[in-house]
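Thank you all for coming. I would like to walk through one structure with you this morning, and I will put the sequence and the model on the screen before I say anything about them.

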Amino acid sequence: MNDTMDTYTLLGADGRPCRSPAKGKWGGHQGSKIYGRLDCPAALRAIARGGYVRHRVFFADEATALAAGFRPCGICCKDRYQQWKTARENGRPWTP
């Protein structure tokens with residue numbers, strides 16, 4: 001048995017860090033409360049400029065990101081962002 005199994009820090013639905021044996025499938029920015037794909041061009045540009053990294057968080061899934069108070073990225077998740085925005089404008093919750 002491998003006692004040195006890697007663990008990853010993800011944010012839970014309550015917005016608090018938790019340890020996980022699996023990598024997060026979504027990334028986010030703690031300050032702006034935006035989540036998106038791990039290969040998001042906007043996030044990758046910010047990281048390349050030297051910013052973003054210290055505020056970056058990870059989620060196991062979209063539902064957890066939403067429950068933690070994050071919204072979809074308008075760049076890498078355009079359809080989701082538009083659906084989220086429309087639901088918000090109409091006073092309705094949105095789920096992916």
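Let me begin with a question of placement: in which part of the chain is Asn 90 found? Asn 90 is found in the segment after α3, and please keep in mind throughout that what we are looking at is a predicted model. With a relative accessible area of 48%, Asn 90 is partly exposed, and if you take Ala 42 as a reference point, the two residues are 48 apart in sequence while their C-alpha atoms are 28 Å apart in space.

Let me turn to the sheet. It is an open sheet of four strands, arranged in the order β5-β3-β4-β6, and its pairing is mixed. The edges are formed by β5 and by β6, which covers residues 71–72, each of them pairing on one side only. As general background, strands of a sheet pair through backbone hydrogen bonds, in either the parallel or the antiparallel sense. Here β3 and β5 run antiparallel and are joined by four bridges, whereas β4 and β6 pair in the parallel sense over two bridges. Two positions help to fix the register by eye: His 29 stands opposite Arg 56 in β5, and Ile 34 stands opposite Arg 71 in β6.

His 29 deserves a longer look. His 29 is found in β3, the strand that covers residues 26–29, and His 29 is buried because its relative accessible area is 17%, with the cut-off for burial set at under 20%. What is His 29 in contact with, once its neighbours within four places in sequence are left aside? The contacts are Ile 34, Tyr 52, His 55, Val 57 and Phe 70.

One of those contacts, Val 57, takes us to β5, where the side chains alternate: Val 57 and Phe 59 point to one face and are buried, while Arg 56 and Phe 58 point to the other face and are not. That agrees with the general expectation that in a regular strand the side chains alternate between the two faces of the sheet.

Between β3 and β4, the latter covering residues 34–36, there is a loop, and Lys 33 is found in it. Lys 33 has a positive phi of about 60 degrees although it is not a glycine; in general, most residues other than glycine have a negative phi. Lys 33 is partly exposed, with a relative accessible area of 31%.

Now to the interior. The largest nonpolar core has 20 residues, of which Tyr 35, Phe 59, Phe 70 and Trp 94 touch the most other members. The elements that give two or more residues to this core are α1 (41–48), β5 (56–59), α2 (62–67) and α3 (78–89), and it is α3 that gives the most, with three residues. In soluble globular proteins, nonpolar side chains tend to be buried together.

How many aromatic pairs are there? The count comes to three, and I will describe two of them. Trp 26 and Tyr 35 form an edge-to-face pair, 5.7 Å centre to centre with 80 degrees between the planes; Trp 26 counts as buried at 14% relative accessibility, and Tyr 35 counts as buried at 0%. The rings of Phe 59 and Phe 70 have their centres 4.9 Å apart and their planes at 70 degrees, so this pair is edge-to-face as well. Since Phe 59 lies in strand β5 and Phe 70 in the loop between α2 and β6, the pair ties together parts that are 11 residues apart in sequence. Phe 59 is buried at 0% relative accessibility, and Phe 70 is buried at 3%.

Finally, the charged pairs. A search of the whole structure finds two salt bridges. In one, Arg 37 is joined to Asp 39, with the closest N and O atoms 2.7 Å apart; Arg 37 is partly exposed at 34% relative accessibility, and Asp 39 is partly exposed at 46%. In the other, the side chains of Glu 62 and Arg 80 meet at 2.7 Å, N to O. Why does that pair tie together parts 18 residues apart in sequence? It does so because Glu 62 lies in helix α2 and Arg 80 in helix α3. Glu 62 counts as buried at 9% relative accessibility, whereas Arg 80 counts as partly exposed at 32%.

How values were computed. Residues are numbered from 1 along each chain as its sequence is written. Side-chain values use heavy atoms; hydrogens and water are left out. Buried means under 20% relative accessible area, exposed over 50%, partly exposed in between (1.4 Å probe, protein chains only). Contact means heavy atoms within 4.5 Å. A nonpolar core is a set of buried Ala, Val, Leu, Ile, Met, Phe, Trp, Tyr and Cys residues joined through side-chain atoms within 4.5 Å. Two strands pair if DSSP finds at least two bridges between them. Rings of Phe, Tyr and Trp (its six-membered ring) pair if their centres lie within 6.5 Å; planes under 30 degrees apart count as stacked, over 60 as edge-to-face and the rest as tilted. A salt bridge is a side-chain nitrogen of Lys or Arg within 4 Å of a carboxyl oxygen of Asp or Glu.
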